[in-house]
Amino acid sequence: MSFKDAARAACVSRAFRHSWRCHPNLICCIGILGSDFINKFDRIMKNHSGIGIKSVKFQYNSFYNTRRSTSISHHFDSWHQIAITPWIEELTISLSLSSFNMEYSFPCSLLADGRASSMRHLYLGNCGFHPTINLDLRNLTRLHLINVHITGDELGCLLSNSHCLEQLELMYCNGIICLKIPSLLQCLSHLEVFDCRILQVVENKAPNLCSFDFGGRQAQLLLGESLRMKRLSLHYPDAMYYAHAKLPSNAPNLETLTLECSTDKMVDTPILPSKFLHLKCLTIDHTIISSSPAYNYLYLVYFLDACPSLETFLLGISQTHMEHDSIIGDSSHMRQMPGHRHDNLRSVEITGFYSAKSLIELTCYILDNTVALKYLTLDTTRGFFSCSTGEHDRCFPMDKIMITEANRAVLAIQTYIERKVPSTVKLNVVKPCSRCHAVESYLERVEGG
């Protein structure tokens, strides 16, 4: 309900006016802050009794004048003080990115002295937060900080008073150099850290962490003996190397592993010391960032052989250059690598499939060494949306070079892969749409000489 409609209702209904003053859930999406609006909203907040508030969401979507930031900060503090009571369970405060230049700092004193003893979820966005006192967050289970200016020591002070924390999510927190997760966080099960620009070290001592998502610049990940870790997602250029060198011993019970990497180097040695004995789903999203033709996908065999329980393998490929060693016109023999039989692999999907010889060899290896495979999907369109789903009128645009390469990939599949697919495997080849991508087919040009 808009403020205008709420004001009209309050004028004609005492019951509505009373219900507002005691309403447990407050959602305040505030636009341009003029002085008249500030005074009106100030009166509205002061008329609320503060009794029984369970959930509060303040979302400020304004452009601020830094000369007035001190005055506006005073009003923010006043509104937050009214809203934060000993009954509150969820608190969300988010300033727009355009207002971040005012450097509003959330007053930590509002979370002390029992005022936040019932709080379970705290979300702060685009502000400063500098806890240096003992906060009473005994029941906090989820902490989400996005674009919040906070140091590692300040965050440590916060975590030391949040013994019941189950989920910690940090994004764009550019004041943290070293993130230390203390062992007293016995309930912490999920940790998410993305794009914290100066972060150098993540040290985890929480014994029951079972899910970890990390992305951004490469940092030293000290996961400790993460015996309960079931799901791990790494998004940075050398994620493949970290997984190859560290993960089997640090997280031996992983079941789901996602690696998003952008490097021209491939792991080219077997994973010998230990294996991903319990890994069931492996996802690799790989971006090729150079025109070097030497990228060797066949080396992924080493990863597959280290995962004897693997059931699902997803490989996504994105290229910034289309130059590569195509199997089309290559008269050399197909390479084969010694490997292990995969008794559990049932589903394989390769998105961004193209005619690179090593990619064809990897696919043939999978077909030759799996006995339980049911589904093989080779998507030559890079996973772009298609009109065939009925959700879009036209397919995602593809330039002529992309379409030509996709048709080369289709030809490679027909020549080298289709004959290896057993009758028990459903092969799905995703091709460019002939209606939306009206360009001369590479197959037609090959067949026409």
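How many helices and strands are there in the protein? The protein has 11 helices and 20 strands, where helices (H or I, at least four residues) and strands (E, at least two) are DSSP runs numbered from the N terminus. This is a predicted model, in which local features need pLDDT of at least 70 and side-chain atom pairs count only at pLDDT 80 or more, while totals for chains, interfaces and linings use all residues. Residues are numbered from 1 along each chain as its sequence is written, and side-chain values use heavy atoms, with hydrogens and water left out.

Of the 449 residues in the protein, 50% are buried, a term that means under 20% relative accessible area, with exposed meaning over 50% and partly exposed lying in between (1.4 Å probe, protein chains only). Among contacts between residues at least 6 apart in sequence, 64% join residues at least 24 apart, a contact being heavy atoms within 4.5 Å.

**Strand 5 and its partners**

Strand 5 (residues 121-125) is mostly covered, since 5 of its 5 residues are buried. In a regular strand the side chains alternate between the two faces of the sheet. For strand 5, His121, Tyr123 and Gly125 on one side and Leu122 and Leu124 on the other are all buried, and both faces are thus covered. Strand 3 (residues 90-95) is joined to strand 5 by 5 bridges and runs parallel to it, whereas strand 7 (residues 142-146) pairs with strand 5 in the parallel sense, also over 5 bridges; two strands pair if DSSP finds at least two bridges between them. Within these pairings, threonine 92 stands opposite tyrosine 123 in strand 5, and leucine 124 stands opposite leucine 145 in strand 7.

**Two asparagines with positive phi**

The loops that involve strand 5 and strand 7 each hold an asparagine with a positive phi. The table sets out the two residues.

| Residue | Phi | Loop | Relative accessible area |
|---|---|---|---|
| Asparagine 126 | near 60° | between strand 5 and strand 6 (128-129) | 9%, buried |
| Asparagine 147 | about 55° | between strand 7 and helix 5 (152-159) | 15%, buried |

**Helix 5 and its cover**

Helix 5 is largely enclosed by the rest of the structure, because 6 of its 8 residues are buried. The buried residues of helix 5 are Gly152, Glu154, Leu155, Cys157, Leu158 and Leu159. What covers these buried residues includes strand 6, strand 7, strand 8 (167-171) and strand 9.

**The sheet of strands 9, 11 and 13**

Strand 9 also belongs to an open sheet of 3 strands, which has the order 9-11-13 and parallel pairing. The edge strands of this sheet are strand 9 (178-181) and strand 13 (220-222), each of which pairs on one side only. Neighbouring strands of the sheet are turned by 5° against each other on average, direction ignored, with axes taken as lines fitted to C-alpha atoms, for helices over the stretch in contact, and angles running from 0 to 180 degrees between N-to-C directions. Strand 9 is joined to strand 11 (residues 201-204) by 4 bridges, and the two run parallel; cysteine 178 stands opposite valine 201 in strand 11.

**Helix 9 against helix 10**

The axes of helix 9 (residues 357-368) and helix 10 (residues 400-417) come within 11 Å and cross at roughly 40°. Helix 9 and helix 10 are therefore oblique to each other, given that angles under 35 degrees count as roughly parallel, over 145 as roughly antiparallel, 65 to 115 as roughly perpendicular and the rest as oblique. Helix 9 passes helix 10 in a right-handed crossing, that is, one in which the near helix is turned clockwise from the far one by less than a right angle, an anticlockwise turn being left-handed. At this contact, Ile360, Thr363, Cys364 and Leu367 in helix 9 meet Ala412, Tyr416 and Ile417 in helix 10. By class, the contact has 6 nonpolar, 1 polar and no charged residues, where Ala, Val, Leu, Ile, Met, Phe, Trp, Tyr, Cys and Pro count as nonpolar, Asp, Glu, Lys and Arg as charged, and the others, Gly among them, as polar.

**Methionine 337**

Methionine 337 lies in the loop between strand 17 (312-319) and strand 18 (347-351), and with a relative accessible area of 18% this methionine is buried. Leaving aside residues up to four places away in sequence, methionine 337 touches Leu298, Tyr299, Val301, Tyr302 and Tyr365. Methionine 337 and leucine 298 are 39 residues apart in sequence and 8.1 Å apart in space, C-alpha to C-alpha.
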